[in-house]
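Thank you for making the time this morning. I would like to take you through one structure, and I will ask you to keep the display in view while I talk.

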Amino acid sequence: MTARGTASRFLNSVLQNGVGRYVCQLKRVSIVFSKNAQSSLGVREFIEEGVVDYAKKNPATVVYVSPQSCRIPKIVAEYLNGNVREELVTSKTSPQISELLTKLTNQSGLDIIRIRKPFHTDNPSIQGQWHPFTNRAPSIGPIRPQNQHAE
């Protein structure tokens with residue numbers, strides 16, 4: 001927490017992801033729905049139409065489909081860092097559920113919080129940041145507008 005009262009962190013990669021090969025951070029998706037409830041209609045359509053395509057596109061993610069006697073259908077996403085995110089999909093259509101699964105797949109599992117700076121390094125430079133006067137000789141001085149004396 002910062003003095004502002006909101007959580008923040010520096011921009012960084014999860015487990016140095018992307019330094020070598022990319023590893024999808026979503027490891028498991030559980031689709032929980034009811035066989036009979038009206039609120040699960042879109043989920044049942046998605047299971048018939050799109051769940052196999054999603055599983056083929058994302059071979060690193062395990063997809064569980066579990067019909068249970070529940071009133072509220074939900075998607076439970078589990079990430080490599082241990083975070084679990086539940087999304088309610090009550091009365092959503094099949095394309096909306098597909099978009100939601102794509103969003104969950106592309107996320108890292110970290111909470112969405114304010115980024116302190118758009119850049120960060122673990123090994124900061126001892127020379128400091130570059131600016132336009134970094135390599136100018138001090139004797140030249142700063143750049144000033146030219147005097148326009150039209151006499």
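I will begin with the overall layout, go on to the sheet and the helices, and finish with the core and two individual residues.

Please keep in mind throughout that what you see is a predicted model. The protein has three helices and six strands, and if you read along the sequence you meet them in the pattern β-β-α-α-β-β-β-α-β. Of the 151 residues, 28% count as buried, and the accessible surface comes to about 11400 Å², with 53% of that area belonging to carbon and sulfur atoms. If we take the contacts with a separation of 6 or more, residues 24 or more positions apart account for 68% of them.

Let me turn to the sheet. In what order do the strands of the open sheet lie? The order is 3-2-4-5, with four strands and mixed pairing, and the edges are formed by strand 3, residues 62–67, and strand 5, each of which pairs on one side only. Ignoring direction, neighbouring strands here are turned by 15° against each other on average.

Going across that order, strand 2 and strand 3 are paired in the parallel sense over six bridges, and within that pairing Ser-30 stands opposite Tyr-64 of strand 3. Strand 2 is also joined to strand 4 by six bridges, although these two run antiparallel, and there you can find Ile-31 opposite Ile-75 in strand 4. Strand 4 then pairs with strand 5, residues 84–88, in the antiparallel sense over five bridges, and one pair to look for is Glu-78 with its bridge partner Val-84 in strand 5. The hairpin made by strand 4 and strand 5 has four residues between the strands, and in it Gly-82 takes a positive phi near 95°.

Is strand 4 largely enclosed or largely open? Five of its six residues are buried, so strand 4 is largely enclosed by the rest of the structure.

Now to the helices and how they sit against this sheet. Helix 1 packs on the sheet, where it touches strand 2 and strand 3, and its direction makes about 125° with that of strand 2. Helix 3, for its part, lies across strand 2, strand 4 and strand 5, running at about 15° to strand 4. The two helices also pack against one another, with their axes 8 Å apart and at an angle of about 75°, which means that helix 1 is roughly perpendicular to helix 3. As for the residues that meet there, helix 1 contributes Gly-42, Val-43, Glu-45, Phe-46 and Glu-49, while helix 3 contributes Ser-94, Ile-97, Ser-98 and Leu-101.

That brings me to the core. As background, nonpolar side chains in soluble globular proteins tend to be buried together. In this model the largest nonpolar core has 18 residues, and those touching the most other members are Leu-26, Val-29, Ile-31, Val-43, Phe-46 and Ile-75. Two or more residues come from each of strand 2 (26–33), helix 1 (41–49), helix 2 (51–57), strand 4 (74–79) and helix 3 (94–106). Phe-46 is a useful place to centre the view: leaving aside residues up to four places away in sequence, Phe-46 touches Ile-31, Val-51, Tyr-54, Ser-94, Ile-97, Ser-98 and Leu-101.

One of those neighbours deserves its own remark. Ser-94 lies in helix 3, and because its relative accessibility is 7%, against a limit of 20%, Ser-94 counts as buried. With residues up to four places away in sequence again left out, Ser-94 touches Gly-42, Glu-45, Phe-46 and Glu-49.

My last residue is Ala-7, which is placed in the segment before strand 1, residues 8–9. Ala-7 is partly exposed, with a relative accessible area of 32%. Which distance separates the C-alpha atoms of Ala-7 and Arg-114? They are separated by 6.6 Å, although the two residues are 107 apart along the chain.

Technical notes
Residues are numbered from 1 along each chain as its sequence is written. This is a predicted model: local features need pLDDT of at least 70, side-chain atom pairs count only at pLDDT 80 or more; totals for chains, interfaces and linings use all residues. Side-chain values use heavy atoms; hydrogens and water are left out. Buried means under 20% relative accessible area, exposed over 50%, partly exposed in between (1.4 Å probe, protein chains only). Contact means heavy atoms within 4.5 Å. Accessible areas come from the Shrake-Rupley method with a 1.4 Å probe; for residues, only the protein chains shown count as cover. A nonpolar core is a set of buried Ala, Val, Leu, Ile, Met, Phe, Trp, Tyr and Cys residues joined through side-chain atoms within 4.5 Å. Two strands pair if DSSP finds at least two bridges between them. Axes are lines fitted to C-alpha atoms, for helices over the stretch in contact, and angles run from 0 to 180 degrees between N-to-C directions. Angles under 35 degrees count as roughly parallel, over 145 as roughly antiparallel, 65 to 115 as roughly perpendicular and the rest as oblique.
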